[in-house]
Amino acid sequence: MVNMSVNLGGLHMKNPVTTASGTFAAGLEYSDFIDVAALGAVTTKGVSLNGWEGNASPRIAETPSGMLNSIGLQNPGVNHLIQNEIPWLKAKGASVIVNVSGHSIDEYVQVIEALEPHPVDAYEVNVSCPNVDAGGMTMGCSPVSVGQVVQKCRCATSRPLIVKLTPNVGDITEIAKAAEASGANAISLINTLLGMAIDARTRKPKLARVVGGLSGPAVKPVALRMVWECSHAVSVPILGMGGICTGEDAVEFMLAGATAVAVGTANFTNPHASADVVDGIRHYCEMYGVKDVNELIGALEC
Amino acid sequence: MSGLFDEMGEVKQNLQVGPNLYLLSMLAPKTASKILPGQFVHMQISTNPAHVLRRPFSIYAANPENGMIDILYQVVGSGTREMTFWQAGDKAPMISPIGHGWTLSDDIHKALLVGGGVGAAPLYMLCVALCKSGVQVDVALGAGSSNSLVCLDRYNELAMPKLRVLCATDDGSYGISGFCTSIAQDALQCAADSDAPYDYVATCGPEPMMKIVANLAHTANVRCEVSLERRMACGVGACLSCVVDTKDGKKRACVDGPVFDAQELLW
């Protein structure tokens, strides 16, 4: 038997696999395909205090080996999550990471405060969404503003605090260090890469918001590189993501330094993807005589 | 959602039936027995990682007895182009049965179905169901030219006594010269003038066409349902890619639709 459990900055996960925020809602929609309790955790869709409408349509476009999205964090607000999704996830026996969004530092804090009385296992602070005009990536591009938001969130909770980083910066390790110094228990990366797609026939952008976030296998090499860089820059554990479709992809992220991984766009290709990745990691460990999945973390030989 | 499953479909036939139009017949017994008129499947069209997204396809016909489903598809991009190379024996997984289909209520007595282009296909199962319930059904089909009216034969072959099929082509090569919206307008007017107005309109096709039909139905005070097409990622209601503006806020075309009451939409 392979030990599959990992500790992501105080969050005990039965295996290293969670879902990437925004690709899985809170899991109910996937319940015909996935037992949410079989995952290391479920990371819920980004939630704000009173809910947001999101962006105009079209909101997605397929690109080679990837996709662009500009959903814009459409969500019904934190109370909806508290009343509906969190009780459902807990009844199913899932570990819950809530992705926290805000237009201001105060809003991030207010969302966490609203969630504190409820059974949430960890928070993922979203300072990296490229599809909103305030908050998100606008806060995640400078070490100073990341430090500020993480510090305020840190004061609001003693639960594991994961900070999700944007790759759309010059040096992601500077942002990672700022998050760590301000009290983050873990960092997650990467959010999507800012991109665009154009329809040459109509001379129009394929997304209504013109630009959007690129995800899927196309971004995996960038994500691996950034996980590897950050793993040498900070000592807090890393939740790695970006184009993971298989157990082998996940193992590559762990070798690069990730303690846990998230499956995102692959859920769209294959609704069983997150569970398949758990099985794939276990299969890899069995095949290569790895007794404890933790042995893989940072075990890249170079 | 509940009641969704992922079924491996097996291609039995994949024929070009018109300009850029293909008829795909697949063995997918579970889907064939569960799918309702207006619902769709979300199919993984390639194992090539270049295509990360599945493609939603309406079901043209389903036969629970032999387990076959038919999909009429138009080549619009690299994904559907790749599908044209599918041969008998090829396999593709599909999530099904997805979505809120056409409303088949007992209070429908006389229906008008308006299909533009490949929009004729998602209306076919509805037509069959309505005819079987004894509803009087008028069908208006539109296409660019006679060789694009690829669903016409199947509608005619139904040969139901209370079924009437009328056609319009842009070039006048079959039926009236013009758009199927003209047929719809005349039909609604005639029915209103007689003592037997329609009590249900269903339409599927290009969105500008559906808007005209919805407006005509609204003017005639007849309930109208439309089937919307949106770019989709998950197909199960999770990702919020396919949202539609409605009087009741944003709704998901995949699981809250694809069929909506036209009066509900802000479009």
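Two strands count as paired if DSSP finds at least two bridges between them. Strands β9 (residues 136–143) and β10 (residues 163–169) of chain B clear that bar, with 7 bridges joining them in a parallel run. Keep in mind that you're looking at a predicted model. Here's a quick tour of the sheets, the domains of chain B and the contact between the chains.

**The sheet in chain B**
- This open sheet has 7 strands, ordered β11-β10-β9-β8-β12-β13-β16, and its pairing is mixed.
- At the edges sit β11 (176–177) and β16 (259–261) of chain B, each pairing on one side only.
- To find your way into the β9–β10 pair of chain B, look for B:Asp138, which stands opposite B:Arg164 in β10(B).
- Helix α5 (residues 180–193) of chain B packs on this sheet, where it touches β8 (110–116), β9, β10 and β11 of chain B.
- The direction of helix α5 of chain B makes about 155 degrees with that of β9(B).
- Helix α6 (residues 207–219) of chain B lies across β8, β12 (200–204) and β13 (224–227) of chain B. Check its direction against β13(B) and you get about 170 degrees.

**Domains of chain B**
- The domain assignment splits chain B into domain 1 (5–98), domain 2 (110–226) and domain 3 (228–267).
- Taken over C-alpha atoms, the centres of domain 1 and domain 3 of chain B are 22 Å apart.
- Domain 1 and domain 3 of chain B do touch, with 8 residues from domain 1 and 8 residues from domain 3 in the contact.
- On the domain 1 side of that contact, β3 (40–43) and β7 (91–98) of chain B each supply at least two residues.
- Sorted by class, the domain 1 side that touches domain 3 of chain B has 5 nonpolar, 2 polar and 1 charged residues.

**A sheet in chain A**
- Over in chain A, 4 strands make an open, antiparallel sheet in the order β5-β6-β14-β11.
- Its edge strands are β5 (60–63) and β11 (193–196) of chain A, and each has a partner on one side only.
- On average, neighbouring strands of this sheet are turned by 40 degrees against each other, direction ignored.
- Strand β5(A) is joined to β6 (residues 66–69) of chain A by 4 bridges, and the two run antiparallel.
- In that pair, A:Ile60 stands opposite A:Asn69 in β6(A).

**Where the chains meet**
- The contact between the chains draws 26 residues from chain B and 29 residues from chain A.
- On the chain B side that touches chain A, the mix is 15 nonpolar, 6 polar and 5 charged residues.

Note on methods. Residues are numbered from 1 along each chain as its sequence is written. Chains are lettered from A and ligands numbered from 1 in the order in which they are written. This is a predicted model: local features need pLDDT of at least 70, side-chain atom pairs count only at pLDDT 80 or more; totals for chains, interfaces and linings use all residues. Two residues are in contact if their C-beta atoms, placed from the backbone, lie within 7 Å. Ala, Val, Leu, Ile, Met, Phe, Trp, Tyr, Cys and Pro count as nonpolar, Asp, Glu, Lys and Arg as charged, and the others, Gly among them, as polar. Axes are lines fitted to C-alpha atoms, for helices over the stretch in contact, and angles run from 0 to 180 degrees between N-to-C directions. Domain bounds come from an automatic or database domain assignment.
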